[in-house]
There are 2 protein chains.
Amino acid sequence: MKNKIPPKAYLFPMPLGLIGANVNGKPNFETLAYVGIVEAQPPLISIASYETHYTNIGIKENGTFSVNTPSEDLAEKIDYVGIVSGKEIDKSEVFEVFYGDLKTAPMASLSPLNLECEVIKTIKVKELVDVEKGHEIFIGKIVNAYADEKYLTEGIPDIAKLNTFTYSRNNYWKVGEKFASAFEIGKKYIKE
Amino acid sequence: MKNKIPPKAYLFPMPLGLIGANVNGKPNFETLAYVGIVEAQPPLISIASYETHYTNIGIKENGTFSVNTPSEDLAEKIDYVGIVSGKEIDKSEVFEVFYGDLKTAPMASLSPLNLECEVIKTIKVKELVDVEKGHEIFIGKIVNAYADEKYLTEGIPDIAKLNTFTYSRNNYWKVGEKFASAFEIGKKYIKE
């Protein structure tokens, strides 16, 4: 029998998203690890942000948000917007910002990949489980994606070029090297 | 203005979960990249699996599933169960399996971390957007977690010990080295 440990919200490796939203007409950013893809076509991404967060106000007001891929050169700023709340500190000047077709989802120009998202569904965790407060899950349709040519290989963002990182246990970790081909190394178990 | 690229389901780095479910009383596994945490307390994890997948039958039948953290030594088998469907191939013998309190969520003994989950909410993507078929999003409460002592530091799974990996663009990538402290490097921007 395996060793039981206290059940917690473990995921390895954990993605990290720099989330942008306009709050009271000004860009605001927060950093979330609770980010995940839920559909390929149309592309849908889910983010979960604690209901008291300042960013949530803007997401609900505009029905839009952005997910900006973290890169190492932005790590200090990405960490900063995860530490301080927009309720107390104006974070509108932390990142150079641009807007896309949705007009209200601020994106960080220097992030290697920006996803511009329109909320299609909101789920409040407190309506699923017995908690007084909880995260709000926003499922967004990725309506546009932006990435400079230098981050692409054959037109697709290339993890080897993004210089992105993962979060775990109060630390940031680099992405390492490629070690195997997916949909390939498992073929050895296929019996003809 | 930044360079637009076709909007797709991009996430960097992408987590990977080996998902276990009993189907018709036998353990079955599939590999998913559409995995994400959505709540800390109680710990909730979301997985999205295409509705035609064999695994979905079992998750809906039992209301349980497992998320097993991938490790490099299991990469070939993890790849294999992502290639072949349980509809055609019996995958019950691929992994050595154990069960926990829920009795119906098979877990891979050799995976460094196993999360035993109870479904608390199911969302069908085809009810959110205009598609004929789509993913089913299962939000699971993590009722138990299992990890051998060698993967822990101070009782908590340690990414430096898990030997886990990420998926991107038909390849598997190692987790790299720690390069910065979260909730720390951003403090330089805090004005006293």
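**Chain A–chain B contact and strand pairing in a predicted model**

In helix 2 (residues 75-83) of chain B, B:Lys77, B:Ile78, B:Asp79, B:Tyr80, B:Val81 and B:Gly82 are buried (20 or more other C-beta atoms within 10 Å of the residue's own, with 12 or fewer counting as exposed, values in between as partly exposed, and C-beta atoms placed from the backbone). This is a predicted model, in which local features need pLDDT of at least 70, side-chain atom pairs count only at pLDDT 80 or more, and totals for chains, interfaces and linings use all residues. Residues are numbered from 1 along each chain as its sequence is written, while chains are lettered from A and ligands numbered from 1 in the order in which they are written. Helices (H or I, at least four residues) and strands (E, at least two) are DSSP runs numbered from the N terminus.

**Contact between the chains**

- Chain A and chain B each give 92 residues to the contact (C-beta atoms, placed from the backbone, within 7 Å).
- The most on the chain A side comes from strand 14 (residues 171-181), with 11 residues.
- That side of chain A holds 56 nonpolar, 19 polar and 17 charged residues; nonpolar means Ala, Val, Leu, Ile, Met, Phe, Trp, Tyr, Cys and Pro, charged means Asp, Glu, Lys and Arg, and the others, Gly among them, are polar.

**Strand pairing across the chains**

- An open sheet of 4 strands, paired antiparallel, runs in the order 13(A)-14(A)-14(B)-13(B); two strands pair if DSSP finds at least two bridges between them.
- Strand 13 (165-168) of chain A and strand 13 (165-168) of chain B are at the edges with a single partner strand each, so one side of each has no neighbour in the sheet.
- On average, neighbouring strands of this sheet are turned by 45 degrees against each other, direction ignored (axes are lines fitted to C-alpha atoms, for helices over the stretch in contact, and angles run from 0 to 180 degrees between N-to-C directions).
- Strand 14 of chain A pairs with strand 14 (residues 171-181) of chain B over 7 bridges, antiparallel, and A:Lys178 stands opposite B:Trp173.
- Strand 1 (residues 4-5) of chain A and strand 10 (residues 135-146) of chain B are antiparallel over 2 bridges, with A:Lys4 opposite B:Tyr146.

**Within chain B**

- The buried residues of helix 2 pack against strand 2 (17-23) and strand 3 (26-32) of chain B.
- Strand 5 (residues 44-50) of chain B has 6 of its 7 residues buried, so it is largely enclosed by the rest of the structure.
- Strand 4 (residues 35-39) of chain B pairs with strand 5 in the antiparallel sense over 4 bridges, B:Val35 having B:Ile47 as bridge partner; a hairpin of 4 residues joins strand 4 to strand 5.
- Strand 5 is also joined to strand 10 of chain B by 7 bridges, antiparallel, and B:Ser46 has B:Ile139 as bridge partner there.

Key
Contact = placed C-beta atoms within 7 Å.
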